[in-house]
Amino acid sequence: MLNTITHGSATEKPPLLIAHGLYGSARNWGVIAKRLSDERHVVAVDMRNHGDSPRMDSHSYPEMADDLAEVIDAHGGQMDVIGHSMGGKAAMMLALKHPQAVRRLLVADIAPVAYGHTQIHYIEAMRSVDLDQVQRRPEAAAQLAEAGVEPALQSFFTQSLDLPNRRWKLNLDVLADQMPNIMSFPETTASWSGPALFLSGAHSDYVLAEHRPLIRARFPAARFAKLPEAGHWLHAEKPREFEAAARVFFNA
């Protein structure tokens, strides 16, 4: 099963599952997860091929949905779910494939569509780091900077460094091989009628007006909101505002 980091304990409110985006980890969500755990049990996962979760040869959204369903089954069979970016696509597929597993769904800055860009250049940047020369994370960040990685992402990526073992906690070879799957979204006619909030960064272009008809076809109860002055990494850029929006939605 996926590696999990849990916060808080069971209450009368449904537990909450958090699925991170590409190159992320459960640890990235620690602050928000801990704060939301004042009201409910919160479970953040390392997605497959990330963090301390199993390394697999494939990385498709139906498989990631099954991974999440297994975690939910171990925590009572139904949870509220937050998914960001890749984790948001996995969370959408979870609701479509395992509809009873999800009570309320918050999708952070992603749509159920194929994207034309790729994230392969970040894998190449991480591969370029000479881990034999790295004793501390700032040294890896400096090498990432030389590879053209912007400062905010340098610290984000180095959170996935296993320094004692001189390796990345990311299955870079499989993620590179599976990048077409990650950037796409499976063809499906399924729909899920539960409460869904598509929360986007106002400065992000990942969820466009033309995506809304397709979103509503899959999630007919979808609502849309934007966080001002936030981009794609809205939970990291505006954590208090993200937390407040999540509380209002899940407690409605």
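**A mixed sheet, its covering helices and its salt bridges**

In this predicted model, seven strands form an open sheet of mixed pairing, arranged in the order β1-β3-β2-β4-β5-β8-β9. The two edges are occupied by β1 (4-7) and β9 (222-227), each of which pairs on one side only. From one strand to the next, the twist averages 20 degrees. Within the sheet, β2 (residues 16-19) and β4 (residues 79-84) pair in the parallel sense, and 4 bridges are found between them. Leu17 stands opposite Val81 of β4.

Helices lie across this sheet. Helix α3 (residues 86-97) lies across β2, β4, β5 (102-108) and β8 (196-201), and its direction makes an angle of about 145 degrees with β4. Helix α11 (residues 239-250) lies across β2, β4, β5, β8 and β9, running at about 155 degrees to β5.

Helix α11 consists of 12 residues and spans 16 Å from its first C-alpha to its last, close to the 16 Å expected at 1.5 Å a residue. Phe242, Glu243, Ala246, Arg247, Phe249 and Phe250 of α11 are buried. Viewed down the axis of α11, these buried residues fall within an arc of 165 degrees and therefore line one face of the helix. Arg240 and Val248, on the other side of α11, are exposed. In general, an α-helix has 3.6 residues a turn, so residues three or four places apart point the same way.

A one-sided arrangement is also found in helix α5 (residues 137-146), where Ala140, Ala141, Gln143 and Leu144 are buried. The buried residues of α5 lie within an arc of 160 degrees when seen down the helix axis, so they line one face. The elements that cover these residues include α4 (120-127), α6 (151-158), β6 (161-162) and β7 (167-168). Gly148, which follows α5, has a positive phi, near 95 degrees.

The structure contains 14 salt bridges. One of them joins the side chains of Glu243 and Arg35, with an N to O distance of 2.5 Å. Because Glu243 belongs to helix α11 and Arg35 to helix α1 (residues 30-36), the pair ties together parts that are 208 residues apart in sequence. Glu243 has a relative accessibility of 5% and counts as buried, whereas Arg35, at 33%, counts as partly exposed.

Another salt bridge is formed by Glu63 and Arg48, whose closest N and O atoms are 3.6 Å apart. This pair links distant parts of the chain, 15 residues apart: Glu63 lies in helix α2 (residues 61-74), and Arg48 in the loop between β3 (42-45) and α2. Glu63 counts as partly exposed at 26% relative accessibility, while Arg48 counts as buried at 7%.

A further salt bridge lies between two strands of the sheet: Asp80 and Arg103 have their closest N and O atoms 2.8 Å apart. Asp80 is located in β4 and Arg103 in β5, so the pair ties together parts separated by 23 residues in sequence. The relative accessible area of Asp80 is 0%, and the residue is buried; that of Arg103 is 26%, and the residue is partly exposed. Finally, salt bridges that share partners join Lys13, Arg35, Asp38, Glu39, Glu243 and Arg247 into one network. Two members of this network, Glu243 and Arg247, are among the buried residues of α11.

Notes. Residues are numbered from 1 along each chain as its sequence is written. This is a predicted model: local features need pLDDT of at least 70, side-chain atom pairs count only at pLDDT 80 or more; totals for chains, interfaces and linings use all residues. Side-chain values use heavy atoms; hydrogens and water are left out. Two strands pair if DSSP finds at least two bridges between them. Axes are lines fitted to C-alpha atoms, for helices over the stretch in contact, and angles run from 0 to 180 degrees between N-to-C directions. Contact means heavy atoms within 4.5 Å. Buried means under 20% relative accessible area, exposed over 50%, partly exposed in between (1.4 Å probe, protein chains only). The arc is that of the directions from the helix axis to the C-beta atoms. The expected span of a helix is 1.5 Å times one less than its number of residues. A salt bridge is a side-chain nitrogen of Lys or Arg within 4 Å of a carboxyl oxygen of Asp or Glu.
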